[in-house]
Amino acid sequence: MINQLLIFFTTICIYEFIKLLNFFKIIESNLKIIKKMIELFNDKKSSDSTKEKLILDYSKFIFFSSIKIFVIILCIVFFIFLIKNLSYPFFNFIFSGYGIIEITLISLIYRQIREKINAKL
């Protein structure tokens, strides 16, 4: 029972943390820039100096957004390890098949409830 409560609260906390920091928007923007960079490599019309400047700008953007992604994932892992100190069986449970299914269901149900509440406001 303790594991289910910990999974419930951990899932909600991590979901809200990801939502607060726009994690998926960061990944999406990173992928868009990578796509632009690939198109730039295939572009025959642009001059080399323009390509160099754009590649440098794109590379900086990708680097900093990748650091943001890494820090967010690192914070989530750190949070899970803090919870591990409260309950060691919890750590084993979240990586089991049942734990993954439970986390998925909790996050999907919480997302639906959150969207309904926000729609009413």
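Author: A disulfide is a pair of cysteine sulfur atoms within 2.5 Å. In general, a disulfide is a covalent bond between the sulfur atoms of two cysteines. The structure above is a predicted model, and this cut-off is applied to its atoms.

Reader: How many disulfides does the structure hold?

Author: The count is zero.

Reader: Why does Cys13 form no such bond?

Author: The closest cysteine sulfur to that of Cys13 belongs to Cys75, and it is 13 Å away, which is too far for a bond. Cys75 is likewise in no disulfide, with the sulfur of Cys13 as its nearest cysteine sulfur.

Reader: Are these two cysteines buried or exposed, and how is that to be read?

Author: A residue counts as buried under 20% relative accessible area and as exposed over 50%, with partly exposed in between. Cys13 has a relative accessible area of 41% and is therefore partly exposed. Cys75, at 37%, is partly exposed as well.

Reader: Which helices pack together, and at what angle?

Author: Helix 1, residues 2-20, packs with helix 3, residues 48-86, at an angle of about 160°. Their axes are 11 Å apart.

Reader: How should that angle be read in terms of direction?

Author: An angle over 145 degrees counts as roughly antiparallel. Helix 1 and helix 3 are therefore roughly antiparallel to each other. The crossing of these two helices is right-handed.

Reader: Which residues make the contact between helix 1 and helix 3?

Author: From helix 1 come Leu6, Thr10, Cys13, Ile14, Phe17 and Ile18. Helix 3 contributes Ile72, Cys75, Ile76, Phe79, Ile80 and Ile83. Cys13 and Cys75 are thus both among the contact residues, although the structure holds zero disulfides. By class, the residues of this contact are 11 nonpolar, one polar and no charged.

Reader: What can be said of Ile73?

Author: Ile73 is found in helix 3. Its relative accessibility is 40%, so Ile73 counts as partly exposed. Ile73 and Ile18 are 55 residues apart along the chain, while their C-alpha atoms are separated by 9.3 Å.

Reader: Where does Ile94 lie, and is Ile94 buried or exposed?

Author: Ile94 lies in helix 4, residues 88-94. With a relative accessible area of 9%, Ile94 is buried.

Reader: Which residues does Ile94 touch, leaving aside those up to four places away in sequence?

Author: Ile94 touches Ile7, Ile80, Gly99, Ile100 and Ile103. One of these, Ile80, also takes part in the contact of helix 3 with helix 1. Ser47, by contrast, is 47 residues from Ile94 in sequence and 52 Å from Ile94 in space, C-alpha to C-alpha.

Technical notes: Residues numbered from 1 in each chain as written. Predicted model: local features only at pLDDT ≥ 70, side-chain atom pairs only at ≥ 80, totals over all residues. Heavy atoms only, no water. Buried < 20%, exposed > 50% of the residue type's maximum accessible area, 1.4 Å probe, protein only. Axes fitted to C-alpha atoms, helices over the stretch in contact; angles between N-to-C directions. Helix = DSSP H or I, 4+ residues; strand = E, 2+ residues; numbered from the N terminus. Parallel < 35°, antiparallel > 145°, perpendicular 65-115°, else oblique. Left-handed = near helix turned anticlockwise from the far one by under 90°. Contact = heavy atoms within 4.5 Å. Nonpolar A, V, L, I, M, F, W, Y, C, P; charged D, E, K, R; others polar.
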